[in-house]
2 protein chains.
Amino acid sequence: MAGIKHSRQRDAIINELCSRTDHPTAETLYWSLKEDFPNLSLGTVYRNLGLLCDDGSIIKISVDGADRYDGNAKPHCHFLCRNCKGMFDVHNVSPFSETLLSSVNGEIENYSLTLYGVCKNCV
Amino acid sequence: MAGIKHSRQRDAIINELCSRTDHPTAETLYWSLKEDFPNLSLGTVYRNLGLLCDDGSIIKISVDGADRYDGNAKPHCHFLCRNCKGMFDVHNVSPFSETLLSSVNGEIENYSLTLYGVCKNCV
DNA sequence: TATAATAATAGTAACGATTATCGTTATTGA
DNA sequence: TCAATAACGATAATCGTTACTATTATTATA
């Protein structure tokens with residue numbers, strides 16, 4: 001395999017991201033991994049998240065403030081609570097109606113749907 | 001009216017934003033308005049866009065890179081071309097199916113749906 | 001119309017998130 | 001085991017955005 005090497009840090013980053021469903025920011029991941037890698041660098045986290053996004057194995061979600069990452073690369077929707085800032089998956093649903101698909105002037109390759117509101121935990 | 005004054009700059013900002021459909025960034029608006037307001041400040045653009053978002057008369061769209069603004073505050077979808085970076089409105093469509101609505105653990109107040117792909121202009 | 005109160009501005013510094021740089025370390029294939 | 005080099009940690013630089021402050025413009029009132 002030319003050009004790509006393994007690293008304990010990269011394995012730990014993807015492992016940590018995929019083991020949680022809270023769509024953490026780079027910095028959140030960084031602090032979680034600090035326990036096992038006391039001198040982990042935030043730049044390393046960003047660099048690896050970028051690489052993983054590029055090869056399509058994870059997803060970056062652009063939101064207000066710091067971007068959040070999702071270890072589940074299969075397209076799906078998210079719900080963002082304006083109270084607790086928690087982001088939850090909304091699975092197994094296609095948001096696209098026939099009318100929507102027919103009114104787009106282009107070929108849809110991907111999408112990002114974020115719903116905003118207050119989650120059930122926050123009443 | 002307590003606390004709010006008019007300003008030529010604010011009027012021009014909302015006027016410019018509402019007269020175009022390309023979902024400009026703050027900086028794009030800034031340069032467009034520079035002609036009429038040679039010493040307009042970028043901070044003024046940001047401040048007013050923020051105020052207008054707060055009172056719900058415009059919308060901010062979080063995307064990769066600089067945020068984009070939409071003078072049309074009525075919820076609707078967007079299509080972002082990965083080639084020309086153009087952002088187009090997708091009108092008169094509700095993206096929500098019954099199955100989606102029923103699988104959300106909270107009350108939906110708003111949403112942001114961006115479709116990614118290549119627009120017809122870019123083949 | 002002049003005046004006083006104050007919201008809004010321009011200019012600029014500061015900030016937070018992210019990316020780039022660079023010398024050192026770890027991984028890998030021979 | 002060694003050489004080549006990808007990845008790292010530390011940190012500087014960049015970018016988008018917000019905050020600060022002295023000045024200007026708007027507005028209500030006399």
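**Notes on a predicted two-chain model**

1. In this predicted model, Lys85(A) sits in the loop that joins strand 3 (77-81) to strand 4 (87-90) of chain A. Its phi is near 65°, which is a positive value in a residue other than glycine. Most residues other than glycine have a negative phi. The relative accessible area of Lys85(A) is 51%, and because the cut-off for exposed residues is over 50%, Lys85(A) is classed as exposed.

2. A second residue of chain A invites the same kind of attention, namely His23(A), whose phi is near 55° and therefore positive in a residue other than glycine. His23(A) lies in the loop between helix 1 and helix 2 (26-34) of chain A. Is His23(A) buried or exposed? With a relative accessible area of 2%, His23(A) is buried, whereas Lys85(A), in its own loop, is exposed.

3. For orientation in the chain as a whole, chain A contains four helices and five strands, and from the N terminus on these elements follow the order α-α-α-β-β-β-β-α-β. The C-alpha trace of chain A spans about 50 × 45 × 25 Å along its principal axes. Of the 123 residues in chain A, 37% are buried. Among the contacts in chain A between residues at least 6 apart in sequence, 47% join residues at least 24 apart.

4. How are the two chains related in space? A turn of 180°, with a shift of 0.0 Å along the axis, lays chain B on chain A with an RMSD of 0.1 Å, and the two copies are thus related as by a two-fold rotation axis. The same surface serves both copies, in that 100% of the contact residues of chain B recur in chain A. Within chain B, the residue that comes closest to the rotation axis is Leu113(B), whose C-alpha is at 2.1 Å.

5. Cys119(A) is a residue with contacts in both chains, and is worth following for that reason. Cys119(A) belongs to strand 5 (residues 106-119) of chain A, and at 3% relative accessibility Cys119(A) counts as buried. If its neighbours within four places in sequence are left aside, Cys119(A) is in contact with Phe79(A), Cys81(A), Cys84(A) and Phe88(A), and also with Asn105(B) and Gly106(B). Cys119(A) and Arg82(A) stand 37 residues apart in sequence, yet their C-alpha atoms are 8.2 Å apart in space.

6. Turning to the helices of chain A, helix 1 (residues 8-18) and helix 3 (residues 42-54) pack with their axes 10 Å apart and at an angle of about 70°. Helix 1 of chain A and helix 3 of chain A are therefore roughly perpendicular to each other. Helix 1 of chain A contributes Gln9(A), Arg10(A), Ile13(A), Ile14(A) and Leu17(A) to the contact, while helix 3 of chain A contributes Thr44(A), Val45(A), Asn48(A), Leu49(A), Leu51(A) and Leu52(A). By character, the residues of this contact divide into seven nonpolar, three polar and one charged.

7. In chain B, the axes of helix 1 (residues 8-18) and helix 3 (residues 42-54) come within 10 Å and cross at roughly 70°, so that helix 1 of chain B and helix 3 of chain B are likewise roughly perpendicular to each other. The residues that make the contact include Ile13(B) and Leu17(B) from helix 1 of chain B and Leu49(B) and Leu52(B) from helix 3 of chain B.

8. Which residues of helix 1 of chain B are buried? They are Ala12(B), Ile13(B) and Leu17(B), and, seen down the axis of helix 1 of chain B, these buried residues fall within an arc of 125°, so they line one face of the helix. On the other side of helix 1 of chain B, Arg8(B) and Asn15(B) are exposed. The buried residues of helix 1 of chain B pack against helix 2 (26-34), helix 3 and strand 2 (68-70) of chain B.

9. Helix 2 of chain B can be read in a similar way, with Ala26(B), Leu29(B), Tyr30(B) and Leu33(B) as its buried residues. These cover an arc of only 105° around the axis, which puts them on the same side of helix 2 of chain B. The buried residues of helix 2 of chain B pack against helix 1, helix 3 and strand 2 of chain B.

Notes: Residues numbered from 1 in each chain as written. Chains lettered and ligands numbered in written order. Predicted model: local features only at pLDDT ≥ 70, side-chain atom pairs only at ≥ 80, totals over all residues. Heavy atoms only, no water. Least-squares fit on C-alpha atoms with pLDDT ≥ 70 in both. Contact = heavy atoms within 4.5 Å. Axes fitted to C-alpha atoms, helices over the stretch in contact; angles between N-to-C directions. Helix = DSSP H or I, 4+ residues; strand = E, 2+ residues; numbered from the N terminus. Parallel < 35°, antiparallel > 145°, perpendicular 65-115°, else oblique. Buried < 20%, exposed > 50% of the residue type's maximum accessible area, 1.4 Å probe, protein only. Arc of directions from axis to C-beta. Nonpolar A, V, L, I, M, F, W, Y, C, P; charged D, E, K, R; others polar.
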